[in-house]
Amino acid sequence: MTEITSGLTFPEGFTWGAATASYQVEGAVAEDGRGPSVWDTFSRTPGKVRGGDTGAIACDSYHRYEEDADLLKSYGLSSYRFSVAWPRIFPDGTGQVNQAGLDYYKRLLDALAERGVSGAATLFHWDLPQALEDKGGFRSRDTAQAFADYAGTVAEALGDRVSRWITLNEPLCYALLGHRTGDHAPGLTDPAAARAVTHHLLLGHGLAVKALRAALPSGSEIGITLNFRTVRVEDQHAGDPSAEAARTTAIASGDDIYLSPIVHGRYPSEADPSYVPEADLVKDGDLELISAPLDFLGLNYYFPQYLRPGDPSNLKKNEYKAPGYLDGVVEHQPSGMKTTNMNWPWVIDPGSLYELIMRVSKEAPGLPLYVTENGRAAEDYVTPEGIVNDVERIEYFHGHLSAAARAIADGAPLRGYYAWSLLDNFEWAYGYQKRFGLTYVDFGTQKRIPKASARWFSQVAATNTVQPVPDGRD
């Protein structure tokens, strides 16, 4: 375990922000010409989302964006990471541009600018137009080109207002959860489809980078956001050949399936073959496009993965079945480690973020890094006095920000940190049960209530220093 201390500082000019995603906060799914997305379809399918929840209203940010911009200003944050809803811009995925959709994002960005907050736009945060899914979605190579066309259109319209561009958010999750396990939209359980989606998402990223470079003014930053889990072998099993081999496979088949093509222009040889796109999917020139130079890399991190030798057919206490490509090992929850209320495998381990930042900074030397998501769900509630005292979230931020500051002190080129999330929101398959926000949202009235964590985080942003945890728990 890596020791975490308080009182750590960040450099001048460090970016402090909060993040959201279009389907999770906007609502207004049938207004102003927006077309349906795969998440509209998935969430309306019985049994797919807890309680039958959908993002039809969500946080109503489509109408309340100025109120949300006020929150960002009041928290002293300099950047807002939001995502553009592809079906607002192209209701059918391609073809006729919906000007009303572009106008909404212009209003949002203007509201941010008036409050001194810059916009960091993510172009794809999982809400693929249903019209494109009906044609094969990212299983089809054509969707990669459609994504690039969409990216260029948005860049031409918003390029004077957006300082930082993110092509894709967590392509691993969209391919894995959406196409292999079926837990997310579009809900498929087809390994071959997942492999095709993996490559076509990356190809779409490469084509989009090219389109963005052509459309944006000089000085615009372009990157991608990947999600990571630091993979560890328990100390007492360190050096065990099967566990160490499994760790290598786990990293290659998860993180590096996406990181390696972007940074090195190749798929990792150590990955399980069932996760690597087939050779006939990879055309001449694809990997050159995918590995085109970027201005930054976004890291989303929440929890690590612990492995130890074990029999997945005979699980013991605190053992869990590891992914199918890991033979002879099980995932394990180490004794004494806390979890968030997402439960296993959401172990709280700030030292893993330090390890991740250092690993990626060595894998991509000199490439600026941003933590584009980090946070936790908690059992938040409003007291009779109207207060949300989410000290558990403050403790989580304290540990992880301390880890980030240590990484900077040790030479990592970390340039910013975005808390997930600005608002409690539609948490995908969990519906509205899980709350991640700095801001409590009463989904019946849409009233926003800043939590204790928002006040704490604003002090961090104001001082560039990790603040103590209230009640002396630092």
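Helices here are DSSP runs of H or I with at least four residues, strands are runs of E with at least two, and both are numbered from the N terminus. With that naming in hand, Pro186 can be placed in the loop between helix 8 and helix 9. Please keep in mind as you read that this is a predicted model.

## Unusual backbone spots

Pro186 is a good place to start, since a cis peptide bond joins Ala185 to Pro186, with omega at about 5 degrees. A second cis bond runs from Trp420 to Ser421, and its omega is near 10 degrees. Ser421 belongs to the loop between strand 12 and strand 13 (439-442).

Two residues other than glycine have a positive phi. For Asp32 the angle is near 55 degrees, and the residue lies in the loop between helix 1 and helix 2 (38-43). For Ala58 phi is about 50 degrees, and the loop in question is the one between helix 2 and helix 3. Is each of them buried or exposed, or something in between? Asp32 counts as partly exposed because its relative accessibility is 41%, and the cut-offs for that class are 20% and 50%. Ala58 counts as buried because its relative accessibility is 2%.

## Strand 1 and its neighbours

Strand 1 (residues 15-19) is mostly covered, with five of its five residues buried. In a regular strand the side chains alternate between the two faces of the sheet. Here Thr15, Gly17 and Ala19 take one side while Trp16 and Ala18 take the other, and all of them are buried.

Strand 1 has a parallel partner in strand 12 (residues 414-420), over five bridges, and another in strand 2, over three bridges. Gly17 is a handy landmark for both pairings: its bridge partner in strand 12 is Tyr418, and in strand 2 Gly17 stands opposite Ser79.

## Strand 10 and its neighbours

Strand 10 (residues 329-332) also has buried residues on both sides: Val329 and Glu331 point one way, Val330 and His332 the other. Its pairings are antiparallel. Strand 8 (residues 305-309) joins strand 10 over three bridges, with Arg308 opposite Val330. Strand 9 (residues 319-320) joins strand 10 over two bridges, and there Glu319 faces His332.

The four pairings can be set side by side:

| Strands | Sense | Bridges |
|---|---|---|
| Strand 1 and strand 12 | parallel | five |
| Strand 1 and strand 2 | parallel | three |
| Strand 8 and strand 10 | antiparallel | three |
| Strand 9 and strand 10 | antiparallel | two |

## The largest pocket and helix 8

Rolling a probe the size of a water molecule over the atoms shows where empty space is left. The largest pocket has a volume of about 1200 Å³. It is lined by 48 residues, and those closest to its centre are Cys173, Leu176, Leu177, Asn227 and Phe303. By class, the lining has 28 nonpolar, 11 polar and nine charged residues.

Which element gives the most to this lining? Helix 8 does, with five residues. Other elements that each supply at least two residues include helix 9 (191-215), strand 5 (221-228) and helix 10 (241-253). Helix 11 (255-264) and strand 7 (296-301) are also among those supplying at least two.

Helix 8 (residues 171-179) is itself mostly covered, as seven of its nine residues are buried. They are Pro171, Leu172, Cys173, Tyr174, Ala175, Gly178 and His179.

## Enclosed cavities

The structure also holds three cavities of 30 Å³ or more. The largest cavity has a volume of about 90 Å³. Of the 14 residues lining this cavity, Val25, Ser61, Tyr80, Tyr104 and Leu108 are the closest to its centre. The lining divides into eight nonpolar, four polar and two charged residues. Helix 1 (22-25), helix 3 (61-74), strand 2 (79-83) and helix 5 (99-114) each contribute at least two residues to it.

## Aromatic rings and charges

Tyr104 also has a charged partner: the charged end of Arg88 sits over the ring of Tyr104, 6.0 Å from its centre. In a second contact of this kind, the charged end of Arg180 sits over the ring of Tyr275, 3.7 Å from its centre.

Across the whole structure, a search finds 40 aromatic pairs. One aromatic cluster is formed by Tyr23, Trp39, Phe42, Trp126, Phe426, Trp428, Tyr432 and Phe443.

Note on methods. Residues numbered from 1 in each chain as written. Predicted model: local features only at pLDDT ≥ 70, side-chain atom pairs only at ≥ 80, totals over all residues. Heavy atoms only, no water. Phe/Tyr/Trp six-rings, centres within 6.5 Å; stacked < 30°, edge-to-face > 60°. Lys NZ or Arg CZ within 6 Å of the ring centre and 35° of its normal. Buried < 20%, exposed > 50% of the residue type's maximum accessible area, 1.4 Å probe, protein only. Pairing = 2+ DSSP bridges. 1 Å grid on protein atoms, 1.4 Å probe; cavity = no way out; pocket = protein on both sides within 12 Å on 5 of 7 lines; lining within 4 Å. Points joined across faces, edges and corners; volume = space filled by probe spheres on them. Nonpolar A, V, L, I, M, F, W, Y, C, P; charged D, E, K, R; others polar.
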